[in-house]
Amino acid sequence: GPRVGVDLVDVADFRSRFEGREDVLTGVFTRAELDYCRSRPKPWSRLAARFAAKEAALKALGSGLAGAMTWQDVEVTRDAVGAPGLAFHGATAQALVREGLAAGAVSLSHTESHAIAMVLLGPS
């Protein structure tokens, strides 16, 4: 059946971990994710929401991926009207196929202090 994952990120903690560490940021986020967030107001809240989405996707997938995935394997995309979606790459995409799951829905929300994401994966 469907699987759900949720993750909550403290924006200040997230920023203190990542600010000024471009090598780490480019290892976690795709170029498209970084470019979009940096082009908008409150980029740290937006990046934190995308980090939460990556964590939530892993929770929805379960523990079968330990050590196999990279952060960039889970990418938050945007459609023509700006609604978020998910794209899976690499080992994570292969794990979805093995588990009989399809990229489902993602919902993001953020304030000055917190970012949250919920991911739903459904049968393929």
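Helices and strands are taken here as DSSP runs, numbered from the N terminus. In this predicted model, Val-4 belongs to strand β1. Together with Val-6, Leu-8, Ile-116, Met-118 and Leu-120, Val-4 makes up a nonpolar patch on the surface, whose combined accessible area is about 520 Å². Two elements, β1 (3-10) and β5 (114-123), each contribute two or more residues to this patch.

Arg-38 offers a second point of reference. Between Arg-38 and Ile-116 there are 19 Å from C-alpha to C-alpha and a separation of 78 residues in sequence. Arg-38 is part of helix α3 (residues 31-38), and its relative accessibility of 39% places it in the partly exposed class, because that class covers values between 20% and 50%. Apart from neighbours within four places in sequence, Arg-38 contacts Glu-22, Leu-25, Arg-31 and Pro-43. With Glu-22, the side chain of Arg-38 forms a polar contact of 2.9 Å.

The aromatic residues come next. The whole structure contains six aromatic pairs. One of them joins Phe-14 and Phe-29, with ring centres 6.3 Å apart and planes at 80°; the pair is edge-to-face because the angle is over 60 degrees. Phe-14 sits in helix α1 (residues 11-18) and Phe-29 in the loop between α2 (22-28) and α3, so the pair links distant parts of the chain, 15 residues apart. Phe-14 and Phe-29 are both buried.

Phe-14 also pairs with Phe-51 in a tilted arrangement, at 5.6 Å centre to centre and 45° between the planes. Since Phe-51 lies in helix α4 (residues 43-61) and Phe-14 in helix α1, this pair ties together parts 37 residues apart in sequence. Both Phe-14 and Phe-51 are buried. Phe-14, Phe-29 and Phe-51 are among the members of one aromatic cluster, which also includes Phe-18, Trp-44 and Trp-71.

Methods
Residues are numbered from 1 along each chain as its sequence is written. This is a predicted model: local features need pLDDT of at least 70, side-chain atom pairs count only at pLDDT 80 or more; totals for chains, interfaces and linings use all residues. Side-chain values use heavy atoms; hydrogens and water are left out. Patches are made of residues with over 30% relative accessible area and no salt bridge: like charges are joined within 9 Å, nonpolar side chains (Val, Leu, Ile, Met, Phe, Trp, Tyr) within 5 Å. Accessible areas come from the Shrake-Rupley method with a 1.4 Å probe; for residues, only the protein chains shown count as cover. A salt bridge is a side-chain nitrogen of Lys or Arg within 4 Å of a carboxyl oxygen of Asp or Glu. Helices (H or I, at least four residues) and strands (E, at least two) are DSSP runs, numbered from the N terminus. Buried means under 20% relative accessible area, exposed over 50%, partly exposed in between (1.4 Å probe, protein chains only). Contact means heavy atoms within 4.5 Å. A polar contact is a pair of N or O atoms within 3.5 Å; within protein, one must be able to donate a hydrogen and the other to accept it, and residues adjacent in sequence count only if both atoms are side-chain atoms. Rings of Phe, Tyr and Trp (its six-membered ring) pair if their centres lie within 6.5 Å; planes under 30 degrees apart count as stacked, over 60 as edge-to-face and the rest as tilted.
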